[in-house]
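Dear colleague,

I am passing on the structure below so that you can look through it yourself before reading my notes. Please keep it open beside this email, since each paragraph is meant to be followed with the model in view.

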Amino acid sequence: MITVFERPKSLTSAKTHYCPGCTHGIIHRLVAEVIDELGVREKTIGVSPVGCSVLAYNYFNLDMQQAAHGRAPAVATGIKRVNRDKVVFTYQGDGDLASIGTAEIIHAAARGENFTTIFVNNAIYGMTGGQMAPTTLLEQVSQTSPQGRDPSLQGYPIRMSEMLATIDGAVFIARVSVHNPQEVSKAKKAIKKAFELQQAGRGFTLIEVLSTCPTNWGLSPREALKWLADKMIPVYPLGVKKTPEEGEI
Amino acid sequence: MVKVLMKGNEALAEAAVRAGCRYFFGYPITPQNEIPHYLAKRLPEVGGVFVQAESEIAAINMVYGAAGSGARVMTSSSGPGISLKQEGISYIAGAELPCVIVNMQRGGPGLGGIQPAQSDYFQAVKGGGHGDYRLLVLAPATIQEMVDLMGKAFDLADEYRNPVMILGDGILGQMMEAVELPSEDLSLKIPSKPWATTGAKGRTPNIINSLYLDPLELEKHNLHLRNKYEQMRQESMGETYKTEDAELVLVGYGSAARVAKAVVDQGRARGLKVGLFRPITLFPFPKDDLQKACRQANDVITVEMSLGQLIEDVRYNLEFKVPVHYCGRVGGMIPTTRDILAKIEVLANLQGEGEKV
C-alpha cells in the first residue's frame, strides 16, 4: 500500500481545539510540512503566542516555548541568539503581533533577527470572544465595535506586512491566504522560502497569512472563506512585499 | 590575588561573565548603565551576546527565550524598568527558568529620581508581578560582596530553576571600591539542562510554558512552586555585628546597613549596647539568624532607604515579640549616622525612664 497523505512528522496527533472552519489547522499543517520537507524537525524551536494559537505547543511536534502576549519576537530573539544554528519561528495572531506586540515585531525586524514569523491575520480577537483587532476592517462588526468599525472612533486597519517591508533588517515579507487550494499552495511556497532564507542566515522573514474566524465573524465556514476573499483581500492585498530577489514566489 | 579598583556596576558585570553568563539583554536606565556599557564590550570577547532591546519588556522576554534555551543569562535595570519587566519575570517564575535580574534601585514611585533608594523592597521580595511566586533576592552591601554573590546567584538560579534578583542600589552601582575578582575559570561547568529547547534531536519535544488551563493542574503547579520556595529557606544568609550583648539591634540591608554598622561603633563608644543584623538574602528572609541576633534586644530599629518596607518583614520575622522602630530617609536621601544615633538615644532615654515605647 502506498501512503499518499499522512500527518507531517512535525505535528503531534493531538486533536486541536480550533473551531470548525477555522483555518489555523491548515496553517499549522503548512508550517509542519515545510519543516518536514527541509528535514529540520529536530533542530527547530517554535514560539507560540497568546491568542487562539496559544496551545500550538501541543500541536507541533517540536521544541516549543510559550510566550507572553505580543512578546514572541523577543522570546525568539533570545532563543535564536543562543541557538544560532537552529531554525526558530514564531506563530502569532493579529492581536498579538499587530496590537500588543507591535514594538517587539518591528524591532526584531529592524535588528534583522534571523527567525521566521508566521502572522495569522483573521481581523478579530478569536480567543477572547470576538473583540475588534487592529486589523478589523472598516464597518466590520465585533464585540467592541458593535456598530461596525468607525474610523472616526476606532481608527483604521493596520497593514503590518507593508509596514514591515520598509524595514532594512527584513529580507522577505509576503502576504498569502488559505481560502482556496491555489492560495494554500502559494502560502506553502512562501513559508518554505522564508524558512530557507533563515537557514541561509539572511535575516528576518515574515509570512502574513489571511485566515478565517467563522465563529466570531458570525458566518458559516464556507461564507467565511468567501468573506475573506471578497472583503479582506482588497484591504490586505496578497503578494510579496519584500524579497531579496526579483520576481514572484 | 590582586585587588583592583572598580566601579560597582562594572565589577558586577565582570563577575557575571566569570560566573559563566554569556547573554545579556537590557535597556538603558540610570543608575545601572555601566553594566550594559561594560558587557557590550566584554561579552563578544568571550563568545557571548549583548543585545540592547527596544524596551525592558522585550529585554526580559529575550531573557525568557535564552534561559529556556539553557543559557546563563541576565538583565539589569532600575525601578521603573524593573516594573516593566514584571510581566516577564512572572512568566519566567511560572515556566521555572533560571536567570539573574539586577535592580540598582533608585527613588520612586513613578519616574521618581535617579539617586539611590531601597524603595523596591516589597516588589523584590513579595513576587512583584501577577500570580503566586517568589524570587530569590540577594542584597549585597559592598562591591566585593556583589562580586561574590554573582556566582552564587547563577548557581541558585540553576539549582532552583528560579529567577534570582540582585537587589542593589545607586550607591553600590556607582561607587568604586577595591575588589578581588574570582579567577577566570575556563573549565567552568554549567549544570546540564535537559529540559531546555535546543531542538528535539532524538528525544521528545521540550516545552517551556506557564499555562495550565485545568485548575487542578495549575493548583498542583502552584503547590510545587510553594514547596520550592519552602526549600529555599535553607539558603537564607545574614550577617551579625556585635549583637551578642546588644540591647538594641539595628536591622538594615545593602547600603543602609553600612551606615548602620558605623552607628554600632559610635553608639558603643557612648556606652550603648548596640548591634547590627544585616540580611543578605531578603527572600528567603533569615528569620532564625534575626531572632538569634535580637535575643537580648529591648528594641529593634530598621535602617532603610524606604518608607517602612523592611520593617514589616522584621516585625513579622521577630513574631512581634520585640518593639521594632523605623529610621530611614527616602527619595534618594541617605540616612546619616547622626539621624540613627539620635533615634537610638531617644529610645535609650525612654528605656532609662522605664517608659513603654
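A good place to begin is the salt bridge between E87(B) and R71(A), whose closest N and O atoms are 3.0 Å apart. Please bear in mind throughout that this is a predicted model. Side chains of opposite charge can pair when their charged atoms come close. Between chain B and chain A the count is three salt bridges, and there are also 18 residue pairs in polar contact across the two chains. On the side of chain B that touches chain A, the elements giving two or more residues are β2 (23-26), β3 (49-52), α3, α4 (79-94) and β9 of chain B, and α3(B) gives the most, with eight residues.

How many residues of each chain are in contact with the other chain? The count is 34 residues of chain B and 33 residues of chain A. The size of an interface is often given as the accessible area lost when the parts come together. Here the two chains bury about 2600 Å² between them, with 54% of that on carbon and sulfur atoms, and in chain B the residues that lose the most area to chain A are E54(B), N61(B) and I207(B), which together make up 18% of what that side buries.

The two chains also share a sheet, which is open and mixed in its pairing, and whose eight strands follow the order β7(A)-β5(A)-β6(A)-β4(A)-β3(A)-β1(A)-β2(A)-β9(B). Its edge strands, each paired on one side only, are β7 (239-242) of chain A and β9 (207-208) of chain B. Strand β5 (residues 170-177) of chain A runs antiparallel to β7(A) and is joined to it by three bridges; in β7(A), G239(A) is the bridge partner of R175(A). Helix α3 (residues 72-82) of chain A packs on this sheet, where it touches β1 (44-48), β2 (63-66) and β3 (87-93) of chain A, and its direction makes about 175° with that of β3(A). Helix α3 (residues 56-68) of chain B packs on the sheet as well, touching β2 of chain A together with β9 of chain B, at about 155° to the direction of β2(A).

Let me return to R71(A), which also meets E104(A) in a salt bridge at 3.2 Å, N to O. This pair links distant parts of the chain, with R71(A) in the loop between β2 and α3 of chain A and E104(A) in helix α5 (residues 102-110), 33 residues apart. Is R71(A) buried or exposed? R71(A) counts as buried because its relative accessible area, 8%, is under 20%, and E104(A) is buried too, at 3%.

Another pair in chain A is E33(A) and K188(A), with closest N and O atoms 2.9 Å apart; E33(A) lies in helix α1 (residues 24-38) and K188(A) in helix α8 (residues 181-199), 155 residues apart. Both of these residues are buried.

In chain B, K193(B) forms a salt bridge with D158(B), the closest N and O atoms being 2.8 Å apart. K193(B) is in the loop between β8 (176-179) and β9 of chain B, while D158(B) is in helix α6 of chain B.

Last, please look at P140(B), which lies in the loop between β6 (136-138) and α6 (143-160) of chain B and is buried, because its relative accessibility is 0%. Beyond its neighbours within four places in sequence, P140(B) is in contact with several residues, including E145(B), L167(B) and R278(B).

With best wishes

Note on methods: Residues are numbered from 1 along each chain as its sequence is written. Chains are lettered from A and ligands numbered from 1 in the order in which they are written. This is a predicted model: local features need pLDDT of at least 70, side-chain atom pairs count only at pLDDT 80 or more; totals for chains, interfaces and linings use all residues. Side-chain values use heavy atoms; hydrogens and water are left out. Two strands pair if DSSP finds at least two bridges between them. Helices (H or I, at least four residues) and strands (E, at least two) are DSSP runs, numbered from the N terminus. Contact means heavy atoms within 4.5 Å. Axes are lines fitted to C-alpha atoms, for helices over the stretch in contact, and angles run from 0 to 180 degrees between N-to-C directions. Buried means under 20% relative accessible area, exposed over 50%, partly exposed in between (1.4 Å probe, protein chains only). Buried area is the accessible area (1.4 Å probe) that two parts lose on being put together, summed over both. A salt bridge is a side-chain nitrogen of Lys or Arg within 4 Å of a carboxyl oxygen of Asp or Glu. A polar contact is a pair of N or O atoms within 3.5 Å; within protein, one must be able to donate a hydrogen and the other to accept it, and residues adjacent in sequence count only if both atoms are side-chain atoms.
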